[in-house]
Amino acid sequence: MKKFCTVHTHSVLCDGKNTLAEMAQAAFDAGAVSFGTSGHSHTQISWDIGCVLPADTTAYQTEVLRLREVYAGRMDVLLGIEWDSQSDQPPPDWADYWIGSTHNVYDEKAGRHYCIDWDTEKMNDCYQEMYGGDGLAMAEGYYAEMARVARMRPSILGHFDIIVKLNGYNRYFDENSPRYQKAALDSLHDADPTASLLEINTGGVFRGFRELPYPAPFLLREWKTMGGQIIFTSDAHTTGGIAYGYDEAAELAKAAGFTEAVVLTQTGPSAYPL
Ligand SMILES: [Zn+2]
Ligand SMILES: [Zn+2]
């Protein structure tokens, strides 16, 4: 791969395993034109404690800006955030970019959150308690939340179909069913292809949850039809995953009809041929 960035990354300041400095070094060693860090935005959800950035992000911002100086002239360092749809803070106005993601849904009747991307136990709770064992309804609930994020026009649409992460062998719902695909497509149609990039996110493959990156080919094809652009991301929580699987992601992009992808830089998004 001739040119790439890695802008969906986590560090020890949220739920990653390496420091920001180690992640930046790994990106530089891999040959990235830019490294962006996207710590999880703060929430008040119990299982997020210790896994998201603190409410006060000053230390996070300071360290990213220090690294920008360290790599000046060699690699762009960008300040981002992965904003959770249930965050108790608005999308940041201080960041270079923000990734809009859904990791939790909120059950108004029960007055509690359910997590759809953590582990099977939490997913089961959501499936049984919030949706009464109707997996397609659970998928529709997820996509309604993701549509709300999409309408906020994030810089990047985060792991658009992560609801399939724990759905191995169609355990909760059939990913080929028209009802499932309609919910996903309706949600994607709420995105603005002139404002948001769709990420092809290899993180779930790196960590062994899925065989293909997010999102599924039918969503990639639709995004192409909508005139949208794509960016490759690894959702890296360790230095080893910093740019994992980009070549395979590029093949999937080409198969969906894309001829170019985008890297984020300090001067903005920049498209390059695949
Ligand atoms: Zn995420
Ligand atoms: Zn992430």
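Q: In this predicted model, which residues of helix 4 are buried?
A: Being buried here takes 20 or more other C-beta atoms within 10 Å of a residue's own. In helix 4 that picks out a middle stretch of Met138, Ala139, Glu140, Gly141, Tyr142 and Tyr143, along with Glu145 and Met146. Add the remaining ones and you also get Gly135, Val149 and Ala150.

Q: What do the buried residues of helix 4 pack against?
A: Two helices are on the list, helix 3 (120–130) and helix 5 (178–189). The strands they pack against are strand 4 (97–101), strand 5 (104–107) and strand 7 (156–157).

Q: How far does helix 4 reach from its first C-alpha to its last?
A: Helix 4 covers residues 135–151, which is 17 residues. At 1.5 Å a residue you'd expect 24 Å, and the model comes out close to that, at 24 Å.

Q: Which residue with a positive phi follows helix 4?
A: Look just past the end of the helix for a phi near 60°. The residue there is Arg153.

Q: Why is strand 4 largely enclosed by the rest of the structure?
A: In a regular strand, side chains alternate between the two faces of the sheet. On one side of strand 4 sit Tyr97, Ile99 and Ser101, and on the other Trp98 and Gly100, with both faces covered. Strand 4 is largely enclosed because the number of its residues that are buried is five of the five.

Q: Which residue of strand 7 is the bridge partner of Ile99?
A: Strand 4 pairs with strand 3 (residues 76–84) in the parallel sense over five bridges, and there Asp84 stands opposite Ser101. Strand 4 also pairs with strand 7, again parallel, over two bridges. In strand 7, the partner of Ile99 is Ile156.

Conventions: Residues are numbered from 1 along each chain as its sequence is written. Chains are lettered from A and ligands numbered from 1 in the order in which they are written. This is a predicted model: local features need pLDDT of at least 70, side-chain atom pairs count only at pLDDT 80 or more; totals for chains, interfaces and linings use all residues. Helices (H or I, at least four residues) and strands (E, at least two) are DSSP runs, numbered from the N terminus. The expected span of a helix is 1.5 Å times one less than its number of residues. A residue is buried if 20 or more other C-beta atoms lie within 10 Å of its own, exposed if 12 or fewer, and partly exposed in between; C-beta atoms are placed from the backbone. Two residues are in contact if their C-beta atoms, placed from the backbone, lie within 7 Å. Two strands pair if DSSP finds at least two bridges between them.
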